[in-house]
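Please open the structure in a viewer and follow the stops below in order. Each stop names a selection and then describes what is found there.

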Amino acid sequence: MASFKFYLLCTVIAVIAILMSPLGTHTRYVPEHFEPLPGSTPFNYTHLESILDTGEYGYDHWITIRGSVLNHNVIPSAKYGKLLIFLHGFPESGIITWRHQLVHFAKLRRFHILAPDMRGFNTSSKGEQSDPITECNYQEMAEDLAVMITMLGYEQAHVVGHDWGAAAAWTFAMHYPAMVEKLVVINYPHPAVIDQFLFNTEQLRRSWHALFFQLDHIAEWRIHAQNFSWLIGLTIGTSNPGSYTEEEVARLRKSWEEPRAIGALLAWFRYLVRDHFPFVDHFQRLINRSPHAGRIKPPTLMLWGDKDAYFLREMARPSIDLCDDGSLVHFPHATHWLPNDDPKGVNSAIQNFFERR
C-alpha cells in the first residue's frame, strides 16, 4: 500500500506539471542553433583531450572500482601534487560539466586531477549485473571515491561536486571526513536540508521531474520518444544563454545514446526519492533525524547560482550551517549550471579557497 501511494503521488504531481508545460515550468526556449556570448570563443575540446592522461603514469582512462568500470578522465599535470577530484551532475559527464575548470587547474600544475564519469553516466558502468538503482547512486559513488583515493596512493583529496556529484561529495565527507582535505559543493543542498524542505510547496513544484522519473519505463519512453529534447530542455533550457554550444549538445546526445544510459541516469533519482520520502520505509529514520546529524567536518565552500530552477535559494544557508568550517558564495545571475554559466568566477572562488590556510 505504501508503494502504491508513493507512485500515485509521483504520478499526480508529475502529470500536473507536464500539463503546465511540455518541458516544465522553469525552462526557456531552446534554439536549434546556439549563439555564443559576445566576445567569447568556442571551447577548445582538442586542447583538453590532448592533456588527458593516456596511461603515462600507469593509469589509463578506465579504472575498475568495486566491480564498476569508470571512465575517469585523468589530468596528472602534477603527478605528485595534491589529488583534486571533480564530480559532475545530471545529465552531463566529467568533461562537459568541468571543461573550464579542468583546463584552468591543469595550467596551475599543482594537482593530480580526476573528473570521472560517475556510475551510469556516459561510458561508465550502468549496473549491468543487478538493478541499476542499487549500483547507480550517490552512496555507491561515495564508496568508490574512498577506493579511488587509496588506489592512487593518496590519503586525502580535494573534492568538488555539482548536482549529483555534490550529493556524492556530501555523503563522502560525512562518511570519510579524514579523506577530504577541502570540500566544494555547487548548487546541491545538504541531504538533511533536503529532508527539511521535503514538503515545501515551491520545492515540490521545482522537483516535479524527479517525481516523474520514478515512473519506470514511462519516463524512459518519454525521453527517447522526444529524441532527448526533454533532457536538453531541462539542462540547456534552464541555463543562461551562451553557457552551452551545439558542441556540448552533440556530446550530451552521444552519451545518452549509450546502451541502457537513460535508465541508469534515472536510477540516481529513483534512489534519492526512495531514500528521502517517508512513503518508502524511511519514515522512522526521517523523524528521528537530528538537526545536527550529518555535520561536515572538513573545510567546505558552497557556491550557489541564485537563479537555480530546481532548488530554492533558501536551502543554501542551512546547508552551510551544518559545516564546522563553511563558507557560502552566491552568484546572483547564475543558474543551477553555475560551472558553465560563470566559469571564471567559479575557478577563482575554488582556487582562492584551496589557497586559503
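## A tour of charged pairs and nonpolar cores

In this predicted model, begin by selecting glutamate 248 and arginine 99, which form a salt bridge whose closest N and O atoms are 3.6 Å apart. Extend the selection to residues 246-256, helix α12, which holds glutamate 248, and to residues 94-108, helix α3, which holds arginine 99; the pair links distant parts of the chain, 149 residues apart. Both glutamate 248 and arginine 99 are buried.

Next, select glutamate 220 and arginine 270. The closest N and O atoms of this salt bridge are 2.9 Å apart. Here too distant parts of the chain are linked, since glutamate 220 belongs to helix α10 (residues 218-225) and arginine 270 to helix α13 (residues 261-276), with the two positions 50 residues apart in sequence numbering. Glutamate 220 has a relative accessible area of 16% and is therefore buried, the limit being under 20%. Arginine 270, at 4% relative accessibility, also counts as buried.

The third stop moves to a pair in strands. Select glutamate 181 and lysine 82, which are joined by a salt bridge with the closest N and O atoms 2.5 Å apart. Glutamate 181 lies in strand β7 (residues 180-186) and lysine 82 in strand β4 (residues 82-87), so this salt bridge ties together parts that are 99 residues apart in sequence. How exposed is glutamate 181? With 24% relative accessibility, glutamate 181 counts as partly exposed. Lysine 82 is likewise partly exposed, at a relative accessible area of 41%.

Now select Glu202, Arg205 and Arg206, which a network of salt bridges links. In total, the structure holds 13 salt bridges.

Turn then from charged to nonpolar side chains. Which residues have the most contacts inside the largest nonpolar core? Select Ile85, Leu87, Trp164, Phe172, Leu183, Tyr188 and Phe213; the core to which they belong has 77 residues.

Keep leucine 87 selected and display its surroundings. Leaving aside neighbours within four places in sequence, leucine 87 is in contact with Trp98, Pro116, Met118, Met141, Leu145, Val159, Val160, Gly161, His162, Gly165, Ala168 and Ala169. Apart from the core of leucine 87 lies another core, of 23 residues. For the final selection, take Phe86, Ile95, Ala106 and Val346, which are among the residues of this other core.

Conventions. Residues numbered from 1 in each chain as written. Predicted model: local features only at pLDDT ≥ 70, side-chain atom pairs only at ≥ 80, totals over all residues. Heavy atoms only, no water. Core = buried A, V, L, I, M, F, W, Y, C linked by side-chain atoms within 4.5 Å. Buried < 20%, exposed > 50% of the residue type's maximum accessible area, 1.4 Å probe, protein only. Contact = heavy atoms within 4.5 Å. Salt bridge = Lys/Arg side-chain N within 4 Å of Asp/Glu carboxyl O. Helix = DSSP H or I, 4+ residues; strand = E, 2+ residues; numbered from the N terminus.
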